[in-house]
Amino acid sequence: MEEQMEQVVAMPRLGEKAPEFEAPTTHGMLKLSDFKGSWLIMFSHPADFTPVCTTEFMAFAEIFPELQKRGVELLGLSVDSITAHIAWVRNIEEKMGVKIPFPVIADLSKDVSTKFGMVHPGQSKTETVRTVFVIDPNQVIRLILYYPLSTGRNMAEILRVVDALQTTDANGVATPANWQPGDMAIVPPPQTQESAEERLKQGYECVDWYLCRKKV
Amino acid sequence: MACVSPDGKPTESGLAMLAALNAGKSSPEDIAAETGRPLFRVRSGLRELLGAGLVSEDGESFALTEQGKAVL
């Protein structure tokens with residue numbers, strides 16, 4: 001029964017408001033709503049002082065300036081204490097020369113990780129898997145990535161999806177497979193026969209009526 | 001990054017925010033712009049300063065209390 005309960009814990013879904021929380025972080029007590037008005041990448045890692053997580057933290061710190069240019073804040077999380085987080089980020093700075101500029105939630109109670117479905121018992125009953133939640137300025141969840149404990153994340157892909165989401169919002173378009181900034185975007189499919197015919201006259205680059213691209 | 005230390009006194013971050021309030025800034029957005037600190041840190045810092053009795057809140061607007069003025 002307990003195992004069943006774990007499996008039916010509510011998982012946040014795309015298009016839903018991200019669940020509010022207040023949690024201790026390396027930058028003090030923070031609420032999710034403190035980030036309202038900014039894009040936010042909230043991510044979890046399995047544990048402090050572990051090798052893959054250390055490479056990921058250094059990589060997140062490396063893309064932090066690029067995220068800031070895009071109006072994106074970063075917020076880490078693991079089921080570790082504030083003391084462990086502080087010791088680890090100090091160690092990364094001392095041993096690797098990388099300063100960690102973003103706050104990290106100490107979720108010892110698992111309150112936040114449970115709300116966001118970050119603990120996957122099939123991977124670990126005690127650690128969070130490598131999740132990435134992209135949350136927009138209205139605090140709506142726009143994208144979720146899950147990586148297993150053994151696979152470090154790809155920072156280029158994280159920047160790419162932020163660019164794709166922001167391009168989508170700014171231009172009312174979708175982005176095709178392997179889209180990169182500067183590439184043409186997809187014009188959303190027409191909803192009526194009339195608009196399908198009209199769009200062929202609008203100067204888009206169309207393969208057919210349902211697959212049209214435009215510059216953004 | 002805390003704005004109030006365990007002894008109840010404002011930290012460097014806290015003092016910067018109090019100074020912004022003293023300069024007439026009242027919204028978290030204006031304080032963030034004045035201090036160069038991220039908005040999320042200003043919002044959490046204002047909660048701390050509020051809890052320490054150094055600022056007062058009226059909706060989205062904040063002001064120094066007499067206690068807050070005294071520490072500047």
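Biologist: How many residues of chain B are in contact with chain A?

Modeller: This is a predicted model, in which local features need pLDDT of at least 70 and side-chain atom pairs count only at pLDDT 80 or more, while totals for chains, interfaces and linings use all residues. Residues are numbered from 1 along each chain as its sequence is written, and chains are lettered from A and ligands numbered from 1 in the order in which they are written. Two residues are in contact if their C-beta atoms, placed from the backbone, lie within 7 Å. By that criterion, nine residues of chain A are met by residues of chain B that number nine.

Biologist: How many residues on the side of chain B that touches chain A are charged?

Modeller: Ala, Val, Leu, Ile, Met, Phe, Trp, Tyr, Cys and Pro count as nonpolar, Asp, Glu, Lys and Arg as charged, and the others, Gly among them, as polar. On the side of chain B that touches chain A, five residues are nonpolar and one is polar, while the charged residues number three.

Biologist: What is the angle between α1 and α3 of chain B, and why are these helices called roughly parallel or roughly perpendicular?

Modeller: Helices (H or I, at least four residues) and strands (E, at least two) are DSSP runs, numbered from the N terminus; their axes are lines fitted to C-alpha atoms, for helices over the stretch in contact, and angles run from 0 to 180 degrees between N-to-C directions. Helix α1 (residues 12–22) and helix α3 (residues 39–51) of chain B pack with their axes 10 Å apart and at an angle of about 90°. Angles under 35 degrees count as roughly parallel, over 145 as roughly antiparallel, 65 to 115 as roughly perpendicular and the rest as oblique. The angle of α1(B) to α3(B) therefore makes the pair roughly perpendicular.

Biologist: Which residues of α3(B) meet α1(B)?

Modeller: The residues of this contact divide into four nonpolar, three polar and no charged. From α1(B) come B:Ser13, B:Gly14 and B:Met17, and they meet, in α3(B), B:Val42, B:Gly45, B:Leu46 and B:Leu49.

Biologist: Which residues does B:Val71 contact, leaving aside its neighbours within four places in sequence?

Modeller: B:Val71 is found in helix α4 (residues 66–71) of chain B, and its C-alpha atom is 11 Å from that of B:Gly14, a residue 57 residues apart from it in sequence. With its neighbours within four places in sequence left aside, the contacts of B:Val71 are B:Pro10, B:Leu18 and B:Leu54.

Biologist: What percentage of the residues of chain A count as buried?

Modeller: Chain A has six helices and ten strands, and its C-alpha atoms fill a box of roughly 65 × 50 × 30 Å, taken along the principal axes. A residue is buried if 20 or more other C-beta atoms lie within 10 Å of its own, exposed if 12 or fewer, and partly exposed in between, with C-beta atoms placed from the backbone. Of the 216 residues of chain A, the share that counts as buried is 30%.

Biologist: What distance separates the centres of the two domains of chain A?

Modeller: Domain bounds come from an automatic or database domain assignment, which divides chain A into domain 1 (2–169) and domain 2 (172–214). Five residues of domain 1 are in contact with seven residues of domain 2, and the side of domain 1 that touches domain 2 has one nonpolar, two polar and two charged residues. Taken over C-alpha atoms, the centres of the two domains are separated by 34 Å.

Biologist: Which strands of the β8-β10-β9 sheet of chain A stand at the edges?

Modeller: Two strands pair if DSSP finds at least two bridges between them, and the three strands here form an open sheet in the order β8-β10-β9, with antiparallel pairing. β9(A) and strand β10 (residues 211–214) pair over three bridges, with A:Asp208 as the bridge partner of A:Leu211 in β10(A). Two strands have a single partner strand each, so one side of each is left without a neighbour in the sheet; these edge strands are β8 (185–186) and β9 (205–208).

Biologist: Which residue of β2(A) stands opposite A:Thr25?

Modeller: Strand β1 (residues 22–25) and strand β2 (residues 28–31) of chain A pair in the antiparallel sense over four bridges, and a hairpin of two residues joins them. Opposite A:Thr25, in β2(A), stands A:Gly28.

Biologist: Is A:Phe49 buried or exposed?

Modeller: A:Phe49 lies in the loop between β3 (39–44) and α2 (51–69) of chain A, and its phi is near 55°, a positive value in a residue other than glycine. Because it has 12 C-beta neighbours inside 10 Å, A:Phe49 counts as exposed.
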